[in-house]
Every structure is written in C-alpha cells, then in structure tokens.
Amino acid sequence: MLGSRILNHQQHVGLQKLGVLAEVSHSFLGPNKNYKFIQDDTTGESALVGSCFRILENLELTCAVGQLVHETVQAHQRVYHTGSGCLLFLSGAWGRVALECLQRGISVGSTVSALSEGMDICLDICKKSSVSIETLKAKNFENFATTSRSSGETVKASTCTRQQSRRAGLSGLKLSRHFCNNKSERVSAVGPPDVKHVAEGLSHGCVDAMNLVIKASQIQSENYKDNSSSTFDVSKVVTCLLPGLPEDHACVLQGCIQLLSAEQSSVARHLQEQRVKLALINGDLADTYRHLGFNRHAGMRRVGDRSGLSGSSKEEEWLDKVEALLSRLEVNLILVSGRVSENVLLRCCRRRILAVEKVEVSILKGFADATGAVPVTYATQLSRLCVGTGVNITAWKEVVRRDGNPSSAVNISADVNAGLVTVVLTGCVRAKLQALEDRFWACAYRLHHVLKDGVLLPGAGVTEMLCVRHLLKNAEGLARQPAERAEEAAAAAAAAADPYRGVVLRLMAEGLTDYVSTLMVRTGRFSKVGARTELSRLLRDYSGGSDMSAAMSPLLSHEDDVRGDCAAVKSDGEPSGAIYDSLSVKQEAWRRALDLVLLVLQADAEVITGIDQNTEGSQETLMLL
C-alpha cells in the first residue's frame, strides 16, 4: 500500500531508559561505596552524593520513565530509608529481562505472568530462609555454653598437667587468681545476642554509623531500665550536623541538641539557671499560618479598607496578643515543628523566650510525654493546661554555621527523660555531611525494621543465590517433591499452558546473579567475569543440605575482613559473625522493582504503541498510513 510503512514495536524505549538509569546504582553497592559529584551546567553549582536516592534527587529527569523511577525510589526511601540501591539495580536487571523476552517474541502477558510467578517464588524463599531473633539468641547461647565448657576443660587439663609435672620433680607454678580472672573476662565477652549483636550484622559496610546507632540504642535501653530488651525507637532519635570537626568526633548524647543563632544563644544561656516552662506548637509560629485542610469562607468580598486594618497592623495585633499570652503563662521555651517568623523571633528574644523551629513532631511528642505539655496548632490556643515543666537547657558547644556566622549548640532535655537521643555527626568536608547522615539513618532504620519484624534474613548475597537456585529448578521442572503430586500436576499444567515460563524464570535468575556478582566486584577482589564464574561453580556444587552462607562468605569477603555489602568489624578488631538483612526492606525493594518494570513494560506496550496485547499478532507490527 502506497504511503504506508511497517514499524517494529518491540523496541520499548521505556525499558531501555530504565536500564540506563539503573546503571547509576552500581557505584553505591558493596563495601567500597563511591561518592559522585553532580554539577549544574547552568549555574556551575555542584553536589556531592553518596546514594541512589540522592543522585536521582539532584538529576534533572525530564522523561516520564525518569520521573517514575524517582517517585518509586523516593516513596521507598521515605518509609524504609535503605534499600534504594537494590531497588534501582534490580529494576534495571529485570527491565532487561522483559526487553529480552520481547525480543524473543514472548508476549507481554506471558512475560508479566512469569515475572510475577518468579517474584512469588523469591518472596517465599525469603520467608523460609529468615531466622527469628529468638532462634538466633538460642543458637548464640549454645555457642556461649560450648565456649564456656571448652574453656573450663582447658583450665582443668592445664591444672592436671602442672600437678603431674610437680610430682615428677619438675618446677611448676600454681594457677593464680589472675589466670582465672582472665578466663572469666574472655568468656563473658561472648554472650547472648542483644541489639548490639544484631546491629553488627546489619551495618552493611557503614561500621562507624552503626556504632552510633548501637550507642543510641544503649542510651534508650538505660532509660527504659531494660538492657535485655530488643527495642529501638528510631522516632525519638534526631541528628545534628556540625561541620569543621573530624568525623571521629561524632558522638551520641541524651536529649535534643539544637543549633541556635547568636541572639538565641544569649537567651539560652540566660535560661540555664531558671525554671523553664515549655510550650509546643505543631505547625508554623506565624500569623499567616493555617492548618492543613483549612478552608476560607466562600463568597466573602472586601468592600472597604481602612488603614487600621492593613496587613502590617493585623500582624502587629497578632504579635501583641501572642506576646501577652506567653508572658501571662510564663512560657520561656517554645518548640515549633514548622518555621518561626522573623518578627516572632525578635519579639521572643526581646522577652527572653527561646523559640526553636524545625523540631521533629516525634520529638514534640517525647517532650509532651515527659513534661505534660500539650501540643497546639496555633499559639493563641495556649492555656495553662498546655504548658509543661521540668525542662533543662544546657549550652553544649560553640560552632560556626555554614554561612560563617557563629552559633551555639544547646542541649534541651527533660527531667523525666523519654528516650530522646541526639546523634551529632561531624565532618571536615561540608558536602559530605549529608551522605554521612543518610548512612546513619539507613543503619538506624535497618535495625528498627529488623527488631520490629522479629526476624533476620541471611545477607551478603545468600538469599539472592537461594532464590536463583529455586528459580532455575522451577525453570527446569526439578522443584517437585514426590509427596506433592497435586503440585506436580499443577506445575506440569502451567508449563504446558505457558512454554515460555522457564525462559523468563531463567532470565529473572540471571538478574539476581548479576546483582550478587556486582557486589563481589565492589569488594575489589573479583572481576565481573571472575565473579560470574565463581557463582556458576557455587550453583553447580551446592546441594540443598549444605550451608549457603558458608559457601558465600569466602566469595564476598574483603581483604580486611569486610564481607560483601554488609561489612561489620568490631571495635577491638575482631571480625563480626553472620551478616544479615531486613526481611521487610528486601521484600519491599524487590516488589517495587518488579512493579516498576511491569508498569514501564505495559506503558510501552499500551500507551506508546497504542495496541491491544490481547489481540493475536498485534505485538509484531503495526501498519501506519
């Protein structure tokens, strides 16, 4: 037909763009994470990033796929604060799987069905391979008892040997109490696992950040008077960034550390020796602030104006009202979750009232529980029933702000502490502070989710390789057990109905293998080819009864006892034990990665091409007139 041409709609540009975007995740996987500089060609400004979430945040993603990827990673990061690198990598790997299936002529429906089935297999393996924290405690207690018995036998054998030597006329020395004390100290260092033991296996290469998390957890445990409790309330932890100091000056303090201006600092010093009364504002402290959902009256129209009702006069009237109210209630400390207007700040400083802005809502709740204060939305709602007492203000350190102006760090704490902890992060490179803060929160939330779930997942690529093994067995039809005849028949029927099922499952397993091999490459001990060779040998030699963790540890070990993407080294130089992951974080990252791939795949097939995938032969070609 004249004027017509045939277009091949199996290009799927969206999946190709997804694969390109996923390449940025490689530098942020494994123990040797790299920093990247992003420079704006227009302004010349640059940003230092150390995670996939931050690099997507600083890129100008104009295409639809880029914005979709950013929104997906942002939604995951907002909840879990970790796992964005895994999410982005696997979305690219499984996006290539979908693209490969289309190039082989496999329909979109069959691809989606097989990928979903593969995800169900992987999630089932995650649940089966997870270990409860209580089981881990029991195993570690057995190791503790075994170590104690072996140590006792060693001492007993040594005593007998010395007694025999003395009978034979040889000079011998009696066992002193110092020898027994040394034995006791050595054995007591190996105890049942607590939050510290679990956290060491979740550090994922960020040992310093996880040590800060452990200290914060210990402070909270002391406050709760229950050192054995496996709890960590991440909502009562805040960070404070102090540039100019070396990174090893980071510390953890009880209370809430806030950076104040010079004017606010003088007020804080004045309040150190005084009885402080506290008010909590959940919102902005400004006359123009309205709460979320506020609706102005409809149909109202201004018909006249007087100078006495000008905007500035309205603000002055509101300021006078708030100032008089605070003075009557004797409030001298205000914690605000939002912003404090400049005029309010000036009035407060003049009245020796300390107003602190941008305080986390969870911190407001902690102070409310400890002091009896009641958070309000507007300052005009304050009453004596809303004012709390029992707050201490202590000047902690003099610092310099990013703009070069002097500032003071003060510690605001309550007499009855509610577990509020501040982690002070320091660094000589100002641009690196955000990356250090992101790593700390990743470790903190990883531990938080593990303790919340009550289970641990084998890390360092072990879970991924178990999934690879089961995906390959399902693809080859070897995953049937003799006792499960019904499942055999169902699997055979599924294979007969969808002959491409095995191909898709094998490609999906290939994506997980690519992820683990990338982790091995990031250790600095393997090339890409060498890593894939070792993993192929592992899958070939591995049997279901052997320990996958023991087989994977040598592959993902680093020269300095740094293992895979989950390094953990104790402070005394002794390498830590097992390496763990969070079950909920990993499962959600995998789900989001596949959902992203399927969304882009179906968008390419239905929106861009505009063809119906249910129509026979509609995927091959489309004739345009």
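**Salt bridges and burial, argued from cut-offs**

Biologist: Why is Glu 588 called buried?

Modeller: Glu 588 has a relative accessible area of 18%, and because buried means under 20%, the residue falls within that class, although I would add that this is a predicted model.

Biologist: What makes the contact between Arg 592 and Glu 588 a salt bridge?

Modeller: The closest N and O atoms of Arg 592 and Glu 588 are 3.2 Å apart, and since a salt bridge requires a side-chain nitrogen of Lys or Arg within 4 Å of a carboxyl oxygen of Asp or Glu, the pair therefore qualifies. Both residues lie in helix H20, which covers residues 583-608, and they are four residues apart, about one turn of the helix.

Biologist: How do you know that Glu 100 and Arg 104 form a salt bridge, and why are both residues called partly exposed?

Modeller: Their closest N and O atoms are 2.9 Å apart, and the limit is 4 Å, so the pair counts as a salt bridge. As for exposure, Glu 100 has a relative accessible area of 28% and Arg 104 has 47%; partly exposed covers what lies between under 20% and over 50%, so both values belong there.

Biologist: What makes Arg 347 and Glu 323 a salt bridge, and why is each of the two called buried?

Modeller: The N to O distance for Arg 347 and Glu 323 is 2.6 Å, which is within 4 Å, so the criterion is met. The pair links distant parts of the chain, with Arg 347 in helix H12 (residues 342-350) and Glu 323 in helix H11 (residues 311-329), 24 residues apart. Arg 347 has a relative accessible area of 14% and Glu 323 has 15%; both values are under 20%, so both residues are classed as buried.

Biologist: Which residues are linked with Glu 323 and Arg 347 in a network of salt bridges?

Modeller: The network also includes Glu 316, Asp 320 and Arg 351. In general terms, side chains of opposite charge can pair when their charged atoms come close.

Biologist: How many salt bridges does a search of the whole structure find, and what share of the residues counts as buried?

Modeller: The search finds 22 salt bridges, and 46% of the 625 residues of the protein count as buried. The protein has 20 helices and 16 strands, and its accessible surface comes to about 31,800 Å², of which 50% belongs to carbon and sulfur atoms.

Conventions:
Residues numbered from 1 in each chain as written. Predicted model: local features only at pLDDT ≥ 70, side-chain atom pairs only at ≥ 80, totals over all residues. Heavy atoms only, no water. Helix = DSSP H or I, 4+ residues; strand = E, 2+ residues; numbered from the N terminus. Buried < 20%, exposed > 50% of the residue type's maximum accessible area, 1.4 Å probe, protein only. Areas by Shrake-Rupley, 256 points an atom, 1.4 Å probe, with all protein chains shown as cover.
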